[in-house]
Amino acid sequence: MNCKDPFPAASGLIFDEPLIFKRSVPGRVGCSLPEDDMEGFSFDLPDDRYLRQDIHGMPEVCELDMVRHYTRLSQWNYSVDLGMYPLGSCTMKYNPKVNEELSNIPGFSQCHPHSPIHLSQGSLKLMFELADYLKEISGLSAVSLQPAAGAQGELAGMLMIRAWHLNNNDEQRVNVLIPDSAHGTNPASCVLAGLKAVEIKSGSDGRLDPEVIKPWLNDSLAGIMMTNPNTLGIFETHADTISDMIHQAGGLVYMDGANLNALMGIVKPGDLGVDVQHINLHKTFSTPHGGGGPGSGPVAVSDKLAPFLPIPIIEKDDSRYFLQWDRPLSIGRLHGFFGNFAVMVRAYAYIRTLGPEGIKKIAQTSILNANYIQEQLRDAFHLPYPDVCKHECVLNDQLQSQYGITTMDIAKRLMDYGFHPPTVYFPLIVQGAIMIEPTESESRRNMDQFINALLHIAREAKENPEIVKSAPHLPKMKRLDETLAARNLTLRWTEDEQGDT
Amino acid sequence: MHYIPLTEEECRQMLKVIGVSSIDDLLKDIPAKKRLKQALNLPEAMSEQTLTRYMQALAQNNVTHESLPCFMGAGAYRHFVPAAVRSMSARSEFVTAYTPYQPEISQGSLQAMFEYQTMMTQLTGLPVSNASMYDGAMAAAEAALLAVRSSRNNVIAVSKTLNPAYRTVLETYTANAGVSLLELPLADNGQTDLSPLADTDPKSLAGIMIQSPNMLGVIEDVESTKSSIINPKTLLIVVVTEALSLAALKPPGECGADVVCGEAQSLGLPVNYGGPYLGFFAVKDNLVRKMPGRVVGMTVDSDGKCGFVNTLSTREQHIRRDKATSNICTNQALCAITSAMYMTCMGRKGLREVALLNMKKSACLKAGIQKIKGFSIPFEGPVFNEFTITYSGDTESLQKHLAEKGIIGGYDLRCTYPELGNAMVVCATETNTLDEINQFVSALAEWAGEVS
């Protein structure tokens with residue numbers, strides 16, 4: 001271990017800040033309204049049946065109050081720009097600043113989505129080319145950028161699978177095989193598409209064993225949803241065999257692309273027999289997560305599913321790019337316009353910055369980093385699947401539980417060392433899972449500090465368990481009572497509300 | 001590659017720690033025959049300077065509403081956003097955080113979201129708001145699914161005046177959910193014709209969905225729609241695609257709506273060629289546990305201090321999996337926080353004033369167009385910032401004329417509302433100066449003069 005650096009976390013000056021409504025002073029105004037250039041023009045307001053006179057409760061603050069309020073709030077957040085954020089399956093990589101700037105170029109941000117085609121060729125070209133890049137990376141033949149997030153990409157995929165079977169008069173094909181390690185969105189999306197989620201067990205090595213799917217290979221089979229690498233950070237080595245079996249039984253193969261960061265330039269999902277996959281631009285392609293969104297979840301498909309893609313799709317003729325609406329087999333639309341365009345601008349810029357070698361290097365480095373961390377935690381923590389991993393590794397609290405220390409305690413204690421905790425208690429098949437995805441963005445020094453923090457915590461668990469159980473100590477807030485929040489629901493502020501924050 | 005910090009030497013040392021000699025040794029579980037032998041066929045890498053120039057040139061192939069007078073609305077609205085809103089919403093502490101799964105170090109996003117939820121309840125007149133949906137169209141679709149869940153009925157009566165893109169999304173989302181959609185046609189006054197409800201079994205009706213102001217710009221009569229509901233289980237869903245209108249118009253929640261949902265892009269987000277936008281979703285108290293999407297609640301920490309957490313997650317997919325109320329996971333959190341910043345900046349007074357200014361600008365445009373021979377205003381009812389115009393003559397020639405004059409006109413309604421003949425819905429906001437309005441009116445008059 002080569003880490004003489006102190007840990008990054010420190011205590012410092014943090015401001016308290018009330019709810020914005022408590023800063024209100026009646027009559028105070030924080031904005032400058034456009035001049036009225038129509039003095040003298042009078043018109044009839046709608047009558048009282050339609051009109052409102054006041055927006056009771058809305059803040060009344062000055063601009064500086066507003067700026068201080070949000071600046072103080074922002075300082076209570078952990079973020080990628082502050083420190084290492086190793087959430088497994090979330091791919092919290094660096095979000096390049098130039099991409100933020102480029103997405104704000106007025107030509108992109110101030111272009112109306114109903115603009116005539118000849119006035120929006122820039123947007124259309126960008127979307128057309130981004131779709132092309134995603135086709136190349138996924139090894140699939142057509143792409144829709146419309147889904148606004150991964151789960152909507154999943155829904156698009158499952159709706160296409162459903163539509164394909166219905167088009168073949170195979171209405172009874174409703175079973176979708178979903179491994180027990182899958183994200184919760186998989187079964188939820190499946191059901192929303194009118195299909196049935198069938199949970200299948202992962203093998204003892206964390207991989208899907210072709211044997212377990214055999215009983216389901218019949219004319220009720222709609223397909224399979226696989227995450228690859230799966231949520232244990234393990235490559236599904238039998239993916240192509242399983243694809244062949246599914247295809248022979250008349251089903252289709254969906255790949256959850258949440259973990260695509262590990263595969264880019266190394267293997268193409270299309271070469272593994274995948275018929276449809278979604279791609280998270282907000283994971284693999286560096287667009288920021290925004291505290292939960294917006295994301296973007298394009299969906300890529302093989303030839304056979306291409307006619308079912310959402311409308312419109314972007315096409316090109318000799319002179320221009322245009323929107324193609326005439327696609328009779330399409331599942332329809334998922335978005336009021338074309339998807340989260342400004343997120344696409346960032347992803348496009350990222351791919352153009354990296355080029356083919358850069359993209360591959362990203363994937364390789366993400367794998368190197370995860371294995372580096374896994375290797376050095378091997379003795380202090382239990383590794384349920386000790387083999388080589390891909391972009392993330394999974395540990396648990398088995399060795400610490402003898403001292404009464406849980407995964408949640410370890411996670412909270414990491415905050416005191418200056419790190420965001422990894423994903424915890426997921427995947428569900430590992431008891432007390434701790435899932436670490438460092439991404440390619442972290443330097444060796446950051447990873448060494450993170451490893452060292454976890455080793456410290458493993459020692460503390462033995463020698464001073466109380467300090468771990470009562471963590472976190474440094475953040476603004478101590479552990480929050482989530483049960484109370486769900487029992488005494490308070491989802492908004494009202495003037496008679498008693499709580500003082 | 002400057003996004004990867006490791007030097008070659010560091011890579012070598014790290015491989016040594018792992019106990020392998022090359023990165024390829026870490027890829028052995030990927031069948032060799034499937035591993036790519038050649039590089040991806042992608043454009044070569046660009047430096048930051050080259051990329052910036054390239055992207056700026058690409059953006060110049062778009063025309064913005066700042067460079068040409070634009071009267072387009074129909075689901076995406078041009079509004080002025082104060083610099084303070086852009087500046088605060090660009091703070092990387094908000095931008096580069098993940099979903100607040102660890103509330104102790106995510107209180108900034110959580111409190112801002114709680115404030116957003118509160119403001120949406122103030123605007124809509126309903127007591128509960130979730131923390132956002134993808135966009136207005138998806139929010140409307142989820143509202144229909146909520147009505148089906150809560151009523152255990154399967155018919156959703158949908159107004160013909162619902163934005164047609166929303167209608168298509170609704171069809172896509174409900175296609176496999178055993179839902180049947182009943183169309184409520186357009187009445188002569190531009191509002192929804194509720195008469196088909198008389199022939200519908202009230203016991204089968206899960207919900208009635210109207211939009212106000214509707215696709216044609218007309219404000220719907222929410223109270224009368226409510227009074228047409230016979231079955232207490234039937235939900236009244238009011239979709240609002242222009243959320244700023246809520247600052248001037250009576251909140252649908254006070255007129256009997258059970259769900260008020262739609263698009264809040266107009267509260268601080270640029271038009272962005274269609275996204276990211278902000279689906280909002282507000283409900284009555286009795287629907288809170290059936291509502292889709294994340295929601296932030298207040299609680300205390302172990303020292304008794306007030307704080308915020310994501311709550312009611314037992315409805316959600318990561319716990320409930322195939323029994324979840326929705327598959328939504330990632331939402332539009334930063335857009336919601338941005339809109340809270342916008343509402344904070346505009347405030348109680350400013351929001352209402354800017355909304356009234358929108359009414360004034362559109363009234364001014366309407367007065368101008370009304371005078372042109374050959375153009376007419378088919379619906380008399382009150383409007384917010386959009387209204388429908390009809391005209392005689394060839395649409396292609398009109399569009400060509402506007403293009404020559406450098407004006408982006410309204411949204412062509414011929415495909416979706418053929419019963420109106422030649423029609424478009426035009427939108428004037430506070431961003432349109434009187435001069436632009438005059439230019440647009442003159443251009444229309446000139447064309448009408450030419451064709452007549």
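The largest cavity in this predicted model encloses about 160 Å³ of space. Its lining is made up of 16 residues. If you would like to find the spot in the viewer, look for Ser212(B), Ile219(B), Glu220(B), Val222(B) and Lys250(B), the lining residues that lie nearest the centre of this cavity. Sorted by class, the lining of the largest cavity has nine nonpolar, two polar and five charged residues.

That cavity has company: the structure holds seven cavities of 30 Å³ or more. The second largest has a volume of about 70 Å³. Both chains appear in the lining of the second largest cavity, with Gly291(A) from chain A and, among others, Pro100(B), Ala131(B), Arg294(B) and Asn331(B) from chain B. Which helix gives the most to this lining? Helix α5 of chain B, residues 107-124, does, with three residues. By class, the lining of the second largest cavity has six nonpolar, four polar and one charged residues.

Next, the domains of chain B. The domain assignment gives domain 1 (83-342) and domain 2 (348-451). In the contact, domain 1 of chain B and domain 2 of chain B take part with 22 residues each. The centres of these two domains, taken over C-alpha atoms, are 29 Å apart. Between them, an area of about 1800 Å² is buried, with 70% of it from carbon and sulfur atoms. One salt bridge is found across this domain interface. Lys160(B) and Glu419(B) form a salt bridge, and these residues fall within domain 1 and domain 2 of chain B respectively.

Finally, the meeting of the two chains. How many residues does each chain bring to the contact? Chain A brings 197 and chain B brings 175. Together the chains bury about 16900 Å², and carbon and sulfur atoms account for 65% of that. On the chain A side, Tyr50(A), Arg52(A) and Leu491(A) supply 5% of the area that chain A buries against chain B, more than any other three residues. The count of salt bridges between chain A and chain B is 10. Asp240(A) and Lys33(B) also meet through their side chains in a salt bridge.

Here are the two named salt bridges side by side, with the distance between N and O atoms for each.

| Residue | Partner | N to O distance |
|---|---|---|
| Lys160(B) | Glu419(B) | 3.0 Å |
| Asp240(A) | Lys33(B) | 3.7 Å |

How values were computed. Residues numbered from 1 in each chain as written. Chains lettered and ligands numbered in written order. Predicted model: local features only at pLDDT ≥ 70, side-chain atom pairs only at ≥ 80, totals over all residues. Heavy atoms only, no water. 1 Å grid on protein atoms, 1.4 Å probe; cavity = no way out; pocket = protein on both sides within 12 Å on 5 of 7 lines; lining within 4 Å. Points joined across faces, edges and corners; volume = space filled by probe spheres on them. Nonpolar A, V, L, I, M, F, W, Y, C, P; charged D, E, K, R; others polar. Helix = DSSP H or I, 4+ residues; strand = E, 2+ residues; numbered from the N terminus. Domains from an automatic or database assignment. Contact = heavy atoms within 4.5 Å. Buried area = accessible area lost by both parts, 1.4 Å probe. Salt bridge = Lys/Arg side-chain N within 4 Å of Asp/Glu carboxyl O.
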